[in-house]
Structure formats: structure tokens, C-alpha cells
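Q: Please take a close look at one chain of this structure, chain A, and describe how it is built and what surrounds its core.

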Amino acid sequence: MEIFRVKKDIPFMRFRRISAIISISIFVLAISFLSLKGLNLGVDFTGGTIMEVKYAKQANIQSIRDTLATINLQDAQVQNFGTARDVLIRLPLRSDLSIADLSEKVLASLKEKNDAVEIMRVESVGAQIGEELYEDGALAILFVCLGIVLYLSFRFEWRFAIAAIVANLHDVIIILGFFAFFQWEFNLTVLAAVLAVLGYSVNESVVVFDRVRENFRRMRKSKVEEVINNAITRTMSRTIMTHLSTQTVVISMLIFGGEILNNFALALTIGILFGIYSSIMVGCPLAMWLGTNQSNLARTEDPKKTEQEII
Amino acid sequence: MNQFSSWKYVVIALTIIFGVTYTIPNFFGESPAIQIMPAKSGGKVEITTLQVIENELKIAGIDPVGAIAEKDNIKLKFQTAEEQIAAKSISENVLGSDFVVALNLISNSPQWLSSLGALPMYLGLDLRGGVHFLMELDLSKVSERKNDGLLSDLRRAMREDKIQYYDSQINGGVIQVKFKQEDDLDKVKDIVRGMGTGRSIFGAGSAKETEAFSFLETENNGEFILQIRQSQYADEDTVSFALKQNLETLHNRVNELGVAEPIIQQQGKDRIVIQLPGVQDTAKAKEILGRTAILEMKMLSDDQSPELIERAENGQAPPGTQLYRDRDGAPMLIKKEIILTGEKIINAGPGVDQMTGQSIVSITLDGSGANIFKQITRENVGKRMALILVEKNSAEVITSPVIKSEIGGGRVQITGMENAQEATDIALLLRAGSLAAPMEIVEERTVGPSMGKENIARGVNSTIWGFVAIMILMSLYYMTFGLVSVVALSANLLFLVALLSAIQATLTLPGLAAIALTLGMAIDANVLINERIRDEIRNGNTPQASIHMGYEKAWGTILDSNITTLIAGLALFMFGSGPIKGFAVVHVLGILTSMYSAIWVSRSIINYIYGRKRKIESLSIGEIYKIENN
């Protein structure tokens with residue numbers, strides 16, 4: 001079975017102006033969501049407390065709110081999730097109460113009201129720690145970008161490195177844009193997903209670029225545009241299969257992963273979908289625009305080896 | 001062309017044997033067990049202890065299914081949780097307070113596997129349930145306490161050397177002492193220098209040393225003022241010393257809680273991570289860990305007149321004194337100078353006063369503590385002494401007895417306990433050591449036991465169903481080659497689990513997600529290879545040559561793409577904390593194992609299928625369409 005019965009190269013690069021407009025508008029949209037709505041940062045970054053409790057019977061949200069109000073926690077967010085017995089309580093940082101005391105106080109008051117409550121999970125993060133986790137996250141993204149640019153400059157050349165990293169950051173900004181628009185919670189686990197997408201999406205660009213480099217050696221008389229079109233078309237089948245495989249796993253995570261892995265899987269889904277688009281329609285046109293051609297790419301290779309490969 | 005030399009098959013067979021050996025311990029499940037550890041860190045458990053316990057259990061009709069005696073602990077395995085609980089209380093009764101008995105779970109995997117170091121994966125708290133605390137040292141309190149200690153040592157030394165000073169205080173982290181005579185300045189400086197050691201700033205043995213203290217001398221109307229300030233490195237030393245002591249103390253306290261396999265580690269320069277697997281009563285854990293409960297002994301001021309107290313209540317306590325309250329709220333003026341702190345306590349236990357029937361705590365002081373206590377009680381007969389319990393933000397006078405006579409031998413009784421429970425708690429805190437400085441919990445993550453099980457199910461189901469979906473997809477699309485890729489992917493899973501088990505990396509829920517995700521991404525290598533082989537056939541190469549070229553050409557791409565992913569993984573590991581780190585470890589290992597299995601393992605099978613035949617007509621790699629403009 002072969003799904004992709006492409007007989008002629010698809011002229012991807014002919015659409016580069018349209019794709020540039022699309023990319024820039026999505027990018028601007030994502031940035032504006034980010035600046036207008038902002039990320040809904042989880043307690044990992046803002047500091048605060050999340051408590052997940054399970055009741056033996058259906059939970060009464062209003063009564064929980066009232067109970068919390070009696071201990072001066074009117075600002076608590078109480079909501080159901082998953083089943084009607086599961087309740088998620090969010091509490092902001094308090095200057096008058098340490099995070100250690102806060103969760104105990106809440107638990108004690110809930111137990112007093114209804115003994116059939118079980119604590120499933122508590123996450124409490126102080127303001128200082130939240131700030132540090134935020135900084136570490138930003139540092140990690142920076143380090144990943146630098147590392148990738150250096151490696152690609154060394155293995156390919158700087159034009160590809162820049163094109164790949166821009167394509168990647170494009171994906172990252174879009175993921176963040178989605179999280180800002182839907183106000184999905186952005187926590188440490190989602191950050192892990194974002195960083196995984198960075199690696200994964202570069203992977204995608206590398207496969208296409210590798211083919212472009214090979215084509216430059218093979219198709220010496222062709223124009224740059226044709227070389228790139230051929231490379232994309234010939235790797236299409238692989239692109240779809242790989243992403244399909246990864247996406248099936250991610251869907252499986254969306255189905256079975258529960259509350260904690262849900263946003264992680266969402267971030268990956270967006271990353272995978274836009275990763276395909278960006279490596280083809282952002283990375284390649286950018287490399288072209290930066291002036292990638294046969295002389296600056298195929299040059300570094302041993303000519304004898306190239307000859308052999310042509311045979 | 002497509003034949004592996006036999007050593008390659010041997011290597012693959014060996015790695016698979018390794019994989020199976022280290023993976024199977026994960027499938028045996030766990031049994032309830034008790035773990036017996038010495039209460040003091042560094043203690044040992046003798047083999048005779050095990051025999052004693054086993055005898056006692058036999059009398060009670062409990063038959064452990066297994067026993068493991070190690071250098072610092074004994075583990076006994078039982079069939080049911082009821083037996084486990086019963087065995088715990090029996091052991092506690094037999095062993096007394098020298099040992100701690102904790103509940104634990106032990107893998108049922110056979111002894112010969114464990115002796116090979118083949119253990120089940122080490123589950124993180126989010127998979128097994130428990131609490132994680134990050135505690136931070138209160139730095140301002142550290143130097144405050146250090147300065148307090150320094151000043152009282154200095155006063156004692158000046159008194160012994162008969163140096164006349166008439167005002168000594170601490171102001172903004174600087175110790176300030178006033179003298180009438182200029183010569184005294186140098187004498188005092190020498191005394192102070194003797195209290196701290198210099199440290200070379202260019203490494204050991206270097207001539208240039210910095211001093212632990214800096215001095216500032218000023219003269220004002222015939223007064224000679226000496227200001228003493230700790231140098232920055234001395235401050236750093238103080239902090240690191242305080243943290244070390246707190247680590248030790250927290251170790252002892254966790255032991256008192258009876259937790260099997262706790263983790264207590266320093267993080268950064270002023271933080272401590274504590275992980276207590278299986279602990280459910282977080283309130284109790286927090287109370288025991290978080291309580292600073294420093295015991296201080298000080299003398300009451302001689303003048304307790306109501307006028308002075310009233311003025312002190314308005315914030316104008318006489319110099320050198322401070323206003324405290326006792327449990328009933330009665331105010332009293334107490335000298336700032338600390339005679340003794342809880343550090344000098346070597347043992348503490350609850351008890352009952354024979355005369356009054358009140359709850360008491362009796363404490364034993366160490367040698368120097370006993371000497372100081374003897375000297376102070378001798379010099380201050382008839383005066384009142386206060387025992388102050390300093391907790392995080394409050395200090396409370398527990399009792400303030402009148403010293404009737406000199407007390408030697410270092411045995412002291414503290415009265416004034418509200419009830420027996422309080423006596424027990426305070427004794428425990430004093431016995432387990434006091435914290436050198438207060439610590440605050442700055443991060444808490446608790447996972448309930450049922451949540452842990454649920455999380456395992458979530459991660460495992462995501463992996464299994466993701467794997468099944470990939471299996472169907474690959475075999476439909478690439479036929480035989482697809483099936484081979486799936487076998488290689490299973491080998492990858494095997495290697496990854498074996499590696500995680502072998503190095504005992506902590507597996508968390510994000511780690512489980514990483515296993516699933518790594519599988520999804522690892523298949524990329526095989527997809528690349530299979531597509532390359534199709535390409536070669538399309539270009540008119542023979543099947544054998546196509547296999548060879550396909551693997552050859554895909555290799556460079558696989559390497560490049562995996563290295564970039566590896567860079568991302570390493571960055572995650574370096575900067576990541578908590579869940580991110582758990583994800584990164586698995587991700588990085590998964591990338592490494594996937595390169596091996598996608599290239600070597602799959603190639604070995606393909607070679608086995610196709611490589612032996614001299615001539616093959618076609619490859620079972622799915623339908624291939626011809627391309628026109630190539």
C-alpha cells in the first residue's frame with residue numbers, strides 16, 4: 001500500500017509567498033493572544049496551591065466553596081473535573097499563611113464538613129520557587145535553541161541552522177498562542193512538552209535539509225527551487241508516516257493519560273501538526289531566502305564520496 | 001552484501017538477554033514488608049536482632065515469607081497487609097526506641113535476580129504516593145543566631161580576662177562593644193580572631209589569607225568603640241554549616257517518623273529536599289519536620305519591676321534584655337545572653353514528676369553543656385532561669401524555675417508541660433536534634449496512594465495502546481518491513497525499561513509519558529530506512545542493493561535528527577526540575593536505545609530474512625509507485 005502516489009514533484013516553493021503570509025499572520029495572532037490574554041500559568045510558575053480531592057459520593061461544589069469561605073478562603077477556585085466525585089481546588093498564595101499550613105487548613109475544614117473525602121494530590125509552590133522554575137524554563141528553551149543552531153551550523157551550515165530554529169520557534173510560539181487563546185493551564189509538564197516539540201520539530205527540518213543537501217549533489221543542473229521541491233516531495237511519505245505514528249501515541253495519551261497528561265498531549269498535538277507545516281513551508285523558504293545554494297552546501301563534502309553516491 | 005558477521009548476532013543476543021533479565025523484575029509485583037532500621041543514623045542492625053524478631057513473630061503465629069538482612073536494615077516480607085501491621089507493632093514492642101520500624105513494599109522477584117542488581121524500576125512519588133517537600137533555610141536567622149552566639153562567647157571571654165566593657169550589642173548584623181581603655185581593643189580583637197579561622201582565598205597553602213572578621217575602631221568622647229563584622233566567606237561557612245546540621249537533624253526526625261526509603265538531600269546552598277514515599281499523614285510529617293523548636297536557656301533579669309515591664313511592652317526594654325511571655329501570657333524580662341542551646345542536648349525523654357504528678361521532659365547534656373550548666377547554676381543560686389522554646393515566629397517561656405543549688409552531671413528536668421502528649425512531642429524534637437536555623441517549606445507535592453496507582457495505569461495504558469496503534473499502522477503500510485520495525489520497536493521498549501531498571505532512575509508520570517512518546521518518535525528511524533529502501537527500488541536497484549543502500553543512506557539522517565533531539569533532551573535534564581527531569585532522563589535514554597534497535601536489531605532481522613538468499617525477486621515492503629520526472 002502506498003498512500004502518497006505522487007508522480008511529479010509538488011511545487012511547494014511556488015507557494016512560498018502565500019505561506020509566508022499565512023505564517024506571519026498565525027505568528028502575529030499567536031503573539032497578540034499571548035500579549036492580550038497571556039498564558040494561564042499554573043502554580044508551578046506563579047506559586048500557589050492546587051488540591052485534588054475525591055469524595056465517596058457526588059461532590060457538592062457550592063458547599064465546598066462555603067466551607068472554604070468560613071476559613072477566609074473566598075478566593076479559592078473550586079471545580080469538578082473528570083467525574084462528579086473529583087474536585088479541583090485552586091488557592092492563590094497568601095502572605096499570612098505558609099503554603100504548608102494552607103493545604104492542611106483546607107483539608108481539615110473539608111474533613112470536618114464531610115469525612116468521606118480523600119486527598120489525591122496537593123501541589124504547593126512558593127513564590128520564589130515559582131519564579132526560579134520560570135527562569136529555568138526560559139533558560140532551557142534558550143539553551144536548546146543555541147545547541148541546535150550550533151550543531152546544525154556545524155553539520156550543515158548557518159543558513160539551515162537559522163531557518164530550522166526560526167521554523168521551530170514559530171511552532172513554539174503557536175503552541176503558546178493556543179494555550180493563551182484557550183487559557184489552558186501552562187505548567188512544568190507542558191513546558192516539557194514544548195521543549196520536546198523543539199527537539200522533535202528540528203528532527204523534521206533535519207530530514208528535509210538532509211535530502212536537500214543530497215539533492216544539491218545529485219541534481220547539479222537543477223535550480224534551487226526544484227531541488228527543494230524534490231526533497232520535500234520525496235520525504236513526504238516519511239513525514240506523514242512518522243507524524244502519524246507519533247500522533248497515534250499522543251492520542252492514546254489524550255485518551256488514557258488523565259488530567260495531568262492532558263495538556264502535555266495537547267501541546268504535543270499542536271507541535272506535531274504545525275511542525276509538519278513549519279519545516280516545509282517556513283524552514284525551506286527561509287533557507288532559500290537566506291541564499292542556500294549548491295556551492296555553500298555541497299562544498300563541505302568529499303567529492304569522491306559524492307561521485308560514488310551518484311552511481 | 002546483507003549479511004551480518006556472527007559477532008553482531010552475538011552482541012544483539014547478549015543485549016536482549018540483558019534486556020530481559022533487567023526487565024522481568026518489574027512483573028513480579030510487590031509484597032507487604034516491614035523494614036527495621038537503627039534510630040540513629042550510622043547505626044547497625046545485628047543479625048541476632050533478626051533472630052529475636054523471627055522468634056517473637058513465631059510465637060504470635062506470624063510466618064514471614066522472606067527476610068533480607070543488610071548492613072543497616074532488616075526487611076521482613078509477609079503474605080498479607082494484616083500480618084505486616086501486626087508484625088510492625090510486635091517488632092516495635094520488642095526493639096524499643098533504639099530502632100525504627102517502617103512499613104514498606106518489597107519486590108517479589110526471585111533472589112538470584114536481585115543479587116544481579118536486577119530490581120524493578122524505582123517509582124517516583126507521583127506513582128507510588130507520598131510527599132515531597134522542599135525546605136529553605138531562613139538565612140537572616142542563621143547569621144542572627146551566629147552573632148548572638150559570638151557575642152555571648154565574647155562576653156564570657158572578656159569577663160574571664162577581666163576586660164572592662166560597658167556596652168555590647170548587635171546592630172544590623174554588626175557586633176558593637178564599647179571600652180574605656182584603648183589597649184583593650186587589641187586584646188578583644190585577638191580573642192575574636194581566635195573564634196574564627198582564616199581561610200585562604202587562593203586555595204590551601206597559599207600565603208594570602210582573609211580574616212574571618214573585619215574590625216572597625218572609632219573613638220568618641222573618650223569611648224573606644226569596636227565594631228566586629230563577619231566576612232562574607234565566614235557567612236557562607238555559617239550557612240553551609242547550618243544546612244549540614246539541619247540535614248542531620250531532619251534525617252533523625254524522618255527516622256522518628258518511621259519511613260522506609262526516605263530521600264533527604266541538599267539542593268543548592270540553602271535548601272533541602274525531602275521525599276517520604278508512602279507517607280499519608282502530611283500534617284504530622286510537616287509538624288515534625290517543620291518545627292524548629294530550639295531550646296534556649298537564659299537568665300531572667302534581676303529587676304522584674306512592673307514599671308520596667310510596662311516600658312518594655314512599649315518597646316523600650318532595658319539594654320541587654322528582652323521581653324518574653326510564659327504560657328499564661330505573663331510577661332517577664334530576660335537577659336539576651338544565651339547560656340545553652342538545644343545543640344548541647346544528647347538525649348531527651350518524657351516522664352512524670354514523682355512529687356507533683358506533672359508531665360516533664362528530662363534531658364541529658366553533653367560534656368561541655370554540663371560544665372557550663374554547672375558553672376551557671378553555681379554562680380546564680382537564688383536567681384531565676386528561663387527555658388525558652390523558640391519556634392518559627394514565636395518564643396515561649398516553658399518554665400522559669402529558681403536555681404536552688406548547683407546542678408552537676410548534666411541531667412536537667414524541664415517542668416511546665418501541659419500534658420503527657422506535649423512532653424512526648426517536645427522530647428522527640430529535642431532528641432532528634434534541633435535545627436541550626438528555622439526552615440520553611442517552600443514547595444510541597446503530595447500524591448495519595450490511589451492516585452499513584454491511577455497514574456501508573458494512565459502511563460502504562462497510553463504506552464500500550466500507542467504501541468498497538470503503531471504496530472497496526474506499520475505492518476499495514478510496510479508489510480514485512482513494517483513487522484520487522486515493530487519487532488525492533490519492541491526491542492527498544494525492552495532495552496529502555498531494562499536500562500531504567502538497571503540504573504534505578506526515578507520513573508515518574510512524565511517519565512512514563514516519555515516512554516510512550518519516545519516509541520512514537522523512535523519509529524521515525526525505521527520509517528526513514530523503509531522509505532529509503534523504497535526509493536532505491538524505485539530507482540531501479542536490485543532488492544539486495546536497495547536494502548544495503550537504504551540502511552546506509554538513512555544512517556546519516558537518523559544520526560543528525562537524533563543528535564538534535566538529544567540536545568533538547570540534555571537541556572531538559574540540566575535546567576529541568578521535578579517533572580521535567582523525569583521526562584528528560586527517559587527521553588534521552590530512549591533516543592539512545594532507539595538508535596541501536598532501529599539500526600542494528602532491525603537490520604539483523606532483515607538480513608536474516610533476505611540476506612541469506614543469493615537472489616530475491618522482490619521485497620515485502622508495500623506497494624511502490626514509479627515516479628516519472630526523476
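A: What follows describes chain A, then the nonpolar core, and ends with some local detail in chain B.

The model is predicted. In it, chain A holds 11 helices and six strands. The radius of gyration of chain A is 25 Å, while the globule rule gives 19 Å for 311 residues; the value for the chain is well over that, so chain A is more spread out than a compact globule. Along the principal axes, the C-alpha atoms of chain A fill a box of roughly 80 × 45 × 35 Å.

The domain assignment splits chain A in two: domain 1 takes 12–41 + 129–310, and domain 2 takes 48–125. Domain 1 of chain A is thus given as two stretches of sequence, with domain 2 of chain A lying between them in numbering. The C-alpha centres of these two domains of chain A are 41 Å apart.

Of the 311 residues in chain A, 49% are buried. Contacts in chain A can also be sorted by separation in sequence: among those between residues at least 6 apart, 80% join residues at least 24 apart.

Next comes the nonpolar core. The largest one has 228 residues, and those with the most contacts inside it come from chains A and B: A:Ala192, A:Val194, A:Leu195, A:Val197, A:Ala267, B:Ala513 and B:Leu519. The element that gives the most to this core is helix H13 (residues 449–502) of chain B, with 20 residues. A second, separate core has 10 residues, including B:Leu151, B:Val177, B:Val188 and B:Ile228.

A:Ala192 shows how the chains meet in the largest core. With its neighbours within four places in sequence left aside, A:Ala192 is in contact with A:Phe264 in its own chain, and with B:Pro510, B:Leu572, B:Gly576, B:Pro579, B:Ile580 and B:Phe583 in chain B.

Some local detail in chain B remains. Strand S7 (residues 165–171) of chain B and strand S8 (residues 174–179) of chain B run antiparallel and are joined by six bridges. B:Tyr165 has B:Phe179, in S8(B), as its bridge partner. The hairpin of S7(B) and S8(B) has two residues between the strands, and B:Gly172 takes a positive phi near 55° there.

Helix H2 (residues 47–59) of chain B has 13 residues and reaches 19 Å from its first C-alpha to its last, close to the 18 Å expected at 1.5 Å a residue. Just after H2(B), B:Gly61 takes a positive phi of about 80°.

Key: Residues numbered from 1 in each chain as written. Chains lettered and ligands numbered in written order. Predicted model: local features only at pLDDT ≥ 70, side-chain atom pairs only at ≥ 80, totals over all residues. Domains from an automatic or database assignment. Pairing = 2+ DSSP bridges. Helix = DSSP H or I, 4+ residues; strand = E, 2+ residues; numbered from the N terminus. Expected span 1.5 Å × (residues − 1). Core = buried A, V, L, I, M, F, W, Y, C linked by C-beta atoms within 7 Å. Buried ≥ 20, exposed ≤ 12 C-beta atoms within 10 Å, placed from the backbone. Contact = placed C-beta atoms within 7 Å. Rg over C-alpha atoms; globule rule 2.2 N^0.38 Å.
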